[in-house]
Amino acid sequence: MKPKNKISKTFIGFLITSVVIWLLITLSKEYVVNVNFPLNYQGISNNKVLQSQAKNNLELIVKASGFKILKTRINSKTININAGAANKKNGTTHYILTKNQQGSLQKQLPTGLDLKEIVKDTFFLELGSLVTKKVPVKPDLKVNFHLGYDFVKPITLVPDSILVFGPENYINSLQTVTLQPLSLDDVKSDFENKVSIIKPKNVTNLKFSSQTVTIKGKVENFTEGTFEVPYKIINIPDGVSVSTLTKNCTVSFIISLKNFNKINKNSFEIVCDYAVAEKNNLNYLVPKLLNKSDLIKSYKIAPNKIDFLIEK
């Protein structure tokens, strides 16, 4: 068998040394290149704020050694630009002439980098007033009740509205602040949950007077009841006699179990307005619940139409 060819260790060492020497020679030379730096805006007055996301990088043409350029690209330094020197164009639109800040930019560059040119000569900013608005809170609540249970009254939000501070072009159009979704299952007792607000991802410089809202719900066991309630016909003209086949309506209602014994048929008052039937040329009366107990959650009346005869 022929012996396998092996690469000499001396050759490998020579190759590595040659590459290192070549890199040292190459990186020690000076070059003129484009380099991007992260950008930060300074000097904005306290009552002003960026209305939208501004350009977040600054492209400069610099002259430097290969070592400096490599180091800068690996770890770019953030460059500050004076937004307080921005000139107003129209409305909230302002512009910055970068050539006016060339001296300041040169001072901020890492040692060894010589600024030759700023690629973009004008930066546009949307600068507007910082405003405050009180905005109602909008819950995203889903409740699945245990059989027979329901809310006694509408949910309570604490706070029910919050102050929002931010750019005027966003705040002026803001109608509600939405909460994170809350889903509750098999609910059969009162609950109280703290939920975070949803902050918009595409708007900066927003502050809220509260980061969370407490959702409170009062829950009870409900049952159904029925009563036969007599109705009264009103607004019958003189000389007209109205007769009906029935004298009562059935009122079905939903009420909490603990309050069931607090009401009776006298808690309801039903009327039929003859004037409404006559005005609309109806041959039936429509029963309406005139008064009911505040303890009643919901109700329905049957029949919802009552035929009548006129006797003169």
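Where is Pro303 in this chain? Pro303 sits in the loop between strand E24 (296-302) and strand E25 (306-311), and we come back to it in one of the close-ups below. Keep in mind throughout that this is a predicted model.

**Figure 1. The whole chain, before zooming in, has 5 helices and 25 strands.** Of the 312 residues in the protein chain, 31% are buried. Long-range contacts matter for reading the views that follow: among contacts between residues at least 6 apart in sequence, 73% join residues at least 24 apart.

**Figure 2. Here is the largest nonpolar core, a set of 25 residues.** If you want to find your way around it, start with Tyr41, Leu58, Leu60, Leu109 and Leu125, the residues with the most contacts inside this core. The elements giving two or more residues to it are strand E1 (30-42), strand E3 (57-65), strand E4 (79-82), strand E7 (114-118) and strand E8 (122-138). E1 is the top contributor, with 5 residues. There is also a second, separate core of 23 residues, and Val135, Val137, Phe191 and Val203 are among its members.

**Figure 3. This close-up is centred on Leu125, a residue of strand E8.** Leu125 has a relative accessible area of 0%, so it counts as buried. Setting aside residues up to four places away in sequence, Leu125 touches Tyr41, Leu50, Ala54, Ala83, Thr92, Thr93, His94 and Ile96. Take Ala54 from that list: it is 71 residues from Leu125 along the chain, yet the two C-alpha atoms are separated by 6.1 Å. As background for looking at any strand, side chains in a regular strand alternate between the two faces of the sheet.

**Figure 4. Strands E5 and E6 form a hairpin with 2 residues between the strands.** E5 covers residues 87-90 and E6 covers residues 93-97, and they pair in the antiparallel sense over 3 bridges. To pick out one of the pairings, look for Lys88, whose bridge partner in E6 is His94. That histidine may look familiar from the previous view, as His94 is one of the residues touching Leu125. In the same hairpin, Gly91 takes a positive phi near 55°.

**Figure 5. This view shows the largest pocket, with a volume of about 170 Å³.** Its lining is made up of Ile44, Ser45, Asn46, Lys48, Val49, Leu50, Leu130, Phe165, Asn205 and Lys207. Sorted by class, that comes to 5 nonpolar, 3 polar and 2 charged residues. Which strand gives the most to the lining? That would be strand E2 (residues 48-50), with 3 residues. Leu50 is worth a second look, as it lines the pocket and also touches Leu125.

**Figure 6. Two cis peptide bonds are shown here, one from Val158 to Pro159 and one from Ala302 to Pro303.** Most peptide bonds are trans. For the bond joining Val158 and Pro159, omega is about -5°. Pro159 is found in the loop between strand E11 (156-158) and strand E12 (161-167). The bond from Ala302 to Pro303 has omega near -5°. As for Pro303, here is the loop from the opening question, between E24 and E25.

**Figure 7. Asn235 and Asn281 each have a positive phi, although neither is a glycine.** Most residues other than glycine have a negative phi. For Asn235 the angle is about 60°, and the residue is found in the loop between strand E18 (219-234) and strand E19 (241-244). For Asn281 phi is about 55°, and this asparagine lies in the loop between helix H5 (274-279) and strand E22 (284-285). Are these two asparagines exposed or partly exposed? Asn235 has 47% relative accessibility, so it counts as partly exposed, whereas Asn281, at 72%, counts as exposed.

**Figure 8. The last close-up looks at Asn193, in strand E15 (residues 191-196).** Its relative accessibility is 23%, so Asn193 counts as partly exposed. Not counting residues up to four places away in sequence, Asn193 touches Leu182, Leu184, Val213, Thr214 and Ile215. For one of these neighbours, Val213, the C-alpha atom is 8.3 Å from that of Asn193, with the two residues 20 apart in sequence.

Methods:
Residues are numbered from 1 along each chain as its sequence is written. This is a predicted model: local features need pLDDT of at least 70, side-chain atom pairs count only at pLDDT 80 or more; totals for chains, interfaces and linings use all residues. Side-chain values use heavy atoms; hydrogens and water are left out. A nonpolar core is a set of buried Ala, Val, Leu, Ile, Met, Phe, Trp, Tyr and Cys residues joined through side-chain atoms within 4.5 Å. Buried means under 20% relative accessible area, exposed over 50%, partly exposed in between (1.4 Å probe, protein chains only). Helices (H or I, at least four residues) and strands (E, at least two) are DSSP runs, numbered from the N terminus. Contact means heavy atoms within 4.5 Å. Two strands pair if DSSP finds at least two bridges between them. On a 1 Å grid over the protein atoms alone, a cavity is a set of points where a 1.4 Å probe fits but cannot get out, and a pocket is an open set with protein on both sides within 12 Å along at least five of seven lines; lining residues have an atom within 4 Å of a point. Grid points are joined across faces, edges and corners, and a volume is the space filled by probe spheres set on the points. Ala, Val, Leu, Ile, Met, Phe, Trp, Tyr, Cys and Pro count as nonpolar, Asp, Glu, Lys and Arg as charged, and the others, Gly among them, as polar.
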